[in-house]
Amino acid sequence: MSTNGSASTARDAGSEEQDVTPLELFFDLVFVFAFTQVTGFLVENLTWTGMARGAALFAALWWAWVTYSWLTGAVPAEERLPARLVILTAMVAMLVVALAVPDAFGDDAVLFGGAYFVVRLLHVALYAVATPPETHDAVLRAAPGFLGGPALLVLAGFLDGPLAAVLWVVALAVDYGIVFVRGVEGFHVTVGHFVERHRLVLIIALGESLVAIGVGAEGLNLSALVVLAALFGIVLVITLWWLYFDYVVLAAEQRLAGESGHQQAILARDSYSYIHLSMVGSIIFIALGIEQTIAHAGEPLGTVAAVALFGGGALYLLGHNAFRYRDHGTVSALRLVVAVVALVLLIVAVQVPAIVALAVLTALFVGLAAYETVRSEHRDRLRAG
């Protein structure tokens, strides 16, 4: 595939160029830690309840990152000392959030909720005071959800059982739903910068998968079985990267650059803020499956771990199709078929040694990437001829 030409076209179509700043990259480091904490939480809570709670934790962390990705694209925080200090203060609060993740539904629930509220409050405050009147009004329109949802998480910290779970669901629904119900009119994105931010956060999630390989091997003798499982794991992670960066993100950037104004903000919200949740979140669950495979390579995966690995793989491809459908109105039938095959293979995954299950999923994804690449290169040669 000729990706260089596609990338150039996408960049040329953007109205402005704005590089991701060192401050943004520095800020994202705390999310590397936070995502790692979510995987650690899942490892320690390998139950269906644990999976649901892990998904809720990731959804909260993701939305915090999303709101700041819009903010730093609109406010040159690197150049303004007060704004820079606000971002760094939010980073400190986010570190506390990440530290509280392992016991966010236990003794540290109030700490998690309180620190998370501070992170979100600083976002709204800076967005409201440092942006033009049109964006200022848009932020105030969304503020009841941006602050109301996190406030409910603080309240949930004082409760337990079903009532706390209900508050978590309502909090996330309010937080995510406010920009859908009230819209994003007045918000703006700089296409190249916005897309690059999402590329980088997906790489962060893939990097967390590599960390999971190390965690799974920690304390184990590096037998041939463990090393082989680690190799399957990294090949799978490489394939996840390939499937996203070889085509998906380039075509999407060009599509986003082709819109303007309110319609561009809507597309950015849907394709990146919402749909990327499934892709990045699925990588976290795949990381859990890889970690469990390496830790128990010669034994069958438990049902929860198998669902994380194979279900995460299926969700990743379904997220790609949702991304493509929202942007272009089409889907990849092949990726849809592979997602279904991954789900069907769950029946086998819980019965064979974990390393075999990981090898099968890796082969499935490598085959998909190889076929798409060869087909694309062949098509490009025909066009060139």
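1. A helix here is a DSSP run of H or I with at least four residues, numbered from the N terminus. With that in hand, a good place to start is S69, which is found in helix 3, spanning residues 48–74. Please keep in mind while reading that this is a predicted model.

2. How confident is the prediction? The mean pLDDT of the chain is 89, and 92% of the residues reach 70 or more. Over residues 1–16, though, the pLDDT is below 50. Even so, this stretch has 21 contacts in the model beyond near neighbours in sequence, and I would read those with the low pLDDT of residues 1–16 in mind.

3. Back to S69: is this residue buried or exposed? Its relative accessible area is 2%, and buried means under 20%, so S69 counts as buried. Leaving aside residues up to four places away in sequence, S69 touches F194, R197 and H198.

4. Helix 3 also holds W63, another buried residue, with a relative accessible area of 2%. To follow its ring, it helps to know that a pair of aromatic rings is described by the distance of the centres and the angle of the planes. The whole structure has 21 aromatic pairs. One of them is formed by W63 and Y274, which are stacked, at 5.7 Å centre to centre with 10° between the planes. Y274 lies in helix 10 (residues 261–295), so this pair ties together parts that are 211 residues apart in sequence.

5. F112 and Y116 make a stacked pair as well: their ring centres are 6.1 Å apart and their planes meet at 5°. Both residues belong to helix 5 (residues 109–129), and because they are 4 residues apart there, about one helical turn separates them. F112 and Y116 are both buried.

6. For aromatic residues beyond pairs, please look at F27, F31, F35, F58, W62, W65 and Y68, which form one aromatic cluster.

7. Now for the surface. A nonpolar patch there consists of L210, L222, V227, L228, L231, I234, V235, I238 and V366, and together they have about 720 Å² of accessible area. Which helix gives the most to this patch? That is helix 9 (residues 224–257), with 6 residues.

8. I234 is a handy example from the patch. This residue sits in helix 9, and its relative accessible area is 35%. Since buried means under 20% and exposed over 50%, I234 falls in between and is therefore partly exposed.

Notes: Residues are numbered from 1 along each chain as its sequence is written. This is a predicted model: local features need pLDDT of at least 70, side-chain atom pairs count only at pLDDT 80 or more; totals for chains, interfaces and linings use all residues. Side-chain values use heavy atoms; hydrogens and water are left out. Helices (H or I, at least four residues) and strands (E, at least two) are DSSP runs, numbered from the N terminus. Buried means under 20% relative accessible area, exposed over 50%, partly exposed in between (1.4 Å probe, protein chains only). Contact means heavy atoms within 4.5 Å. Patches are made of residues with over 30% relative accessible area and no salt bridge: like charges are joined within 9 Å, nonpolar side chains (Val, Leu, Ile, Met, Phe, Trp, Tyr) within 5 Å. Accessible areas come from the Shrake-Rupley method with a 1.4 Å probe; for residues, only the protein chains shown count as cover. A salt bridge is a side-chain nitrogen of Lys or Arg within 4 Å of a carboxyl oxygen of Asp or Glu. Rings of Phe, Tyr and Trp (its six-membered ring) pair if their centres lie within 6.5 Å; planes under 30 degrees apart count as stacked, over 60 as edge-to-face and the rest as tilted. pLDDT is the predictor's confidence in each residue, from 0 to 100.
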